[in-house]
Amino acid sequence: FFERQFMPGVHYAPVDTVAEIPAAIRRLREDDAFARQLALAGQQRMAQMDVEEVTHYCYQMLKGYAAMQRFKPKRDPRSFEVNCEDDLIR
């Protein structure tokens, strides 16, 4: 999440594969001070981010996923188009 905004070992405990998750959890449980330091740094960085940064990230992420898509999506007949935030409360 926000790979460019967060640094491994500073804002989160990095893992390269799912197999590494148990070891990362053990390390955090064994070193409470380190775990708290990561959590606090991550929270502080998240608090610094504004809506524009989050929106830009989501746009880039969806654009990247769309480029990898290998099928044509079909619209569910029960769905409806939302053109603006006001449409969500109508």
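A salt bridge is a side-chain nitrogen of Lys or Arg within 4 Å of a carboxyl oxygen of Asp or Glu. Keep that idea in mind as you go through the views below, since this structure holds three salt bridges. The model is a predicted one.

**Figure 1. The whole chain is built from helices, with three of them and zero strands.** Following the sequence from start to end, you meet the pattern α-α-α. Of the chain's 90 residues, 13% count as buried. The surface that the chain exposes comes to about 8,200 Å², and carbon and sulfur atoms supply 57% of that area. Now think about contacts between residues with a separation of 6 or more: 65% of them in this chain join residues 24 or more positions apart. The close-ups that follow show some residues from this picture.

**Figure 2. Helix α1 meets helix α2 at an angle of roughly 105 degrees.** Two packed helices are described by the angle between their axes and the distance between the axes. Here, α1 covers residues 21-30 and α2 covers residues 32-48, and their axes come within 5 Å. The crossing makes α1 roughly perpendicular to α2, because angles of 65 to 115 degrees are counted that way. Which residues of α1 meet α2? They are Arg27, Leu28, Arg29 and Glu30, and their partners in α2 are Asp32, Phe34, Ala35 and Leu38. Sorted by class, this contact has four nonpolar and four charged residues, with no polar ones.

**Figure 3. Phenylalanine 34 is a buried residue of helix α2.** Its relative accessibility is 14%, so phenylalanine 34 falls under the 20% limit for a buried residue. Leaving aside neighbours within four places in sequence, what does phenylalanine 34 touch? The residues in contact with it are Gly9, Arg27 and Leu28. Glycine 9 is worth finding in this view: it sits 25 residues away from phenylalanine 34 in sequence, while their C-alpha atoms are 9.2 Å apart in space.

**Figure 4. Arginine 36 and aspartate 32 pair up in a salt bridge between their side chains.** Side chains of opposite charge can pair when their charged atoms come close. In this pair, the N to O distance is 2.7 Å. Both arginine 36 and aspartate 32 belong to helix α2, where they are four residues apart, or about one turn of the helix. Are the two partners buried or exposed? Arginine 36 is exposed, with a relative accessible area of 58%, whereas aspartate 32 counts as partly exposed at 45% relative accessibility.

**Figure 5. Arginine 45, a residue of helix α2, forms a salt bridge with glutamate 53.** The closest N and O atoms of this pair are 3.5 Å apart. Arginine 45 counts as buried, at 15% relative accessibility, while glutamate 53 counts as partly exposed, at 26%. Which other residues surround arginine 45? If you set aside residues up to four places away in sequence, arginine 45 touches Gln5, Phe6 and His11 as well as Glu53.

**Figure 6. Arginine 78 and aspartate 76 make another salt bridge.** Here the closest N and O atoms are 2.6 Å apart. Arginine 78 counts as exposed, with 72% relative accessibility. Aspartate 76 counts as partly exposed, at 31% relative accessibility.

**Figure 7. Alanine 24 is a buried residue of helix α1.** How much of alanine 24 is accessible? The relative accessible area is 17%, so alanine 24 is under the 20% limit for buried residues. Look for alanine 13 too: it lies eleven residues from alanine 24 along the chain, and 6.7 Å separates their C-alpha atoms.

**Figure 8. Leucine 40 of helix α2 is shown together with histidine 11.** Leucine 40 counts as partly exposed, at 45% relative accessibility. Where is histidine 11 relative to leucine 40? The two are 29 residues apart in sequence, and in space the distance from C-alpha to C-alpha is 7.9 Å. You have already come across histidine 11 in Figure 5, as one of the residues that arginine 45 touches.

Conventions
Residues are numbered from 1 along each chain as its sequence is written. This is a predicted model: local features need pLDDT of at least 70, side-chain atom pairs count only at pLDDT 80 or more; totals for chains, interfaces and linings use all residues. Side-chain values use heavy atoms; hydrogens and water are left out. Axes are lines fitted to C-alpha atoms, for helices over the stretch in contact, and angles run from 0 to 180 degrees between N-to-C directions. Helices (H or I, at least four residues) and strands (E, at least two) are DSSP runs, numbered from the N terminus. Angles under 35 degrees count as roughly parallel, over 145 as roughly antiparallel, 65 to 115 as roughly perpendicular and the rest as oblique. Contact means heavy atoms within 4.5 Å. Ala, Val, Leu, Ile, Met, Phe, Trp, Tyr, Cys and Pro count as nonpolar, Asp, Glu, Lys and Arg as charged, and the others, Gly among them, as polar. Buried means under 20% relative accessible area, exposed over 50%, partly exposed in between (1.4 Å probe, protein chains only). Accessible areas come from the Shrake-Rupley method with a 1.4 Å probe; for residues, only the protein chains shown count as cover.
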